[in-house]
Amino acid sequence: MEKRYLQKALHTFNGGNWYGWKKEDSDGNKIPNDQRMQYQHIKIIKDGATMPSEADVNAKIQELKDADTAKANAKTSGKAKLKAGEALTDAEIAALFGA
């Protein structure tokens, strides 16, 4: 699981900024910094926040990845259409020009 997508997904739950990363595991062993950003090391730091299930987080990660892929595909097809003089879809316009 890519760390960037994990963080983006977690920010969509509980209004954002509700979590941190544990520094020690349940046995008191230090978790190395490069291994901390994983679902099992999430800790809740905001009152009233609830831990989303790992399945919900993974579903959100896939949704974010799919949106990034769709945007990249729209950008690629939009460029090809511009070169060919064809009409663009709204998604292609947004991908190319940020509109």
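This note goes through the fold, the overall dimensions and the salt bridges of a predicted model.

1. Fold. The protein contains 4 helices and 2 strands. From the start of the sequence to its end, these elements come in the order α-β-α-β-α-α. Three of the helices return below: helix 1 covers residues 3-10 and helix 3 covers residues 54-84, while helix 4 covers residues 90-97.

2. Dimensions. The radius of gyration is 19 Å, whereas a compact globule of 99 residues would have one near 13 Å. Along the principal axes, the C-alpha atoms occupy a box of roughly 65 × 30 × 20 Å.

3. Burial and contacts. Of the 99 residues, 25% are buried. Taking contacts between residues at least 6 apart in sequence, 45% are between residues at least 24 apart.

4. Surface and charge. The exposed surface comes to about 6,700 Å², and 49% of this area belongs to carbon and sulfur atoms. The protein carries 16 positive and 14 negative charges, and the mean positions of the two sets lie 6 Å apart.

5. Salt bridges in general. Side chains with opposite charges can pair when their charged atoms come close. How many salt bridges are there in the whole structure? The search finds 3, and each is taken up in turn below.

6. R4 and D68. These two residues form a salt bridge in which the closest N and O atoms are 3.7 Å apart. The pair links distant parts of the chain, since R4 belongs to helix 1 and D68 to helix 3, with their positions 64 residues apart in the numbering. Both partners are partly exposed: D68 has a relative accessibility of 28%, and R4 has 45%.

7. K60 and E63. The salt bridge between these side chains has an N to O distance of 3.1 Å. Both residues are in helix 3, and because they are 3 residues apart, about one helical turn separates them. E63 has a relative accessible area of 46%, so it counts as partly exposed.

8. K81 and E92. Here the side chains meet in a salt bridge at 3.3 Å, N to O. K81 is in helix 3 and E92 in helix 4, so the bridge ties together parts that are 11 residues apart in sequence. Is E92 buried or exposed? Its relative accessible area is 4%, so E92 is buried; the cut-off for that class is under 20%.

Key:
Residues numbered from 1 in each chain as written. Predicted model: local features only at pLDDT ≥ 70, side-chain atom pairs only at ≥ 80, totals over all residues. Heavy atoms only, no water. Salt bridge = Lys/Arg side-chain N within 4 Å of Asp/Glu carboxyl O. Buried < 20%, exposed > 50% of the residue type's maximum accessible area, 1.4 Å probe, protein only. Rg over C-alpha atoms; globule rule 2.2 N^0.38 Å. Contact = heavy atoms within 4.5 Å. Areas by Shrake-Rupley, 256 points an atom, 1.4 Å probe, with all protein chains shown as cover. Lys, Arg positive; Asp, Glu negative; His and termini not counted. Charge placed at Lys NZ, Arg CZ, Asp CG, Glu CD.
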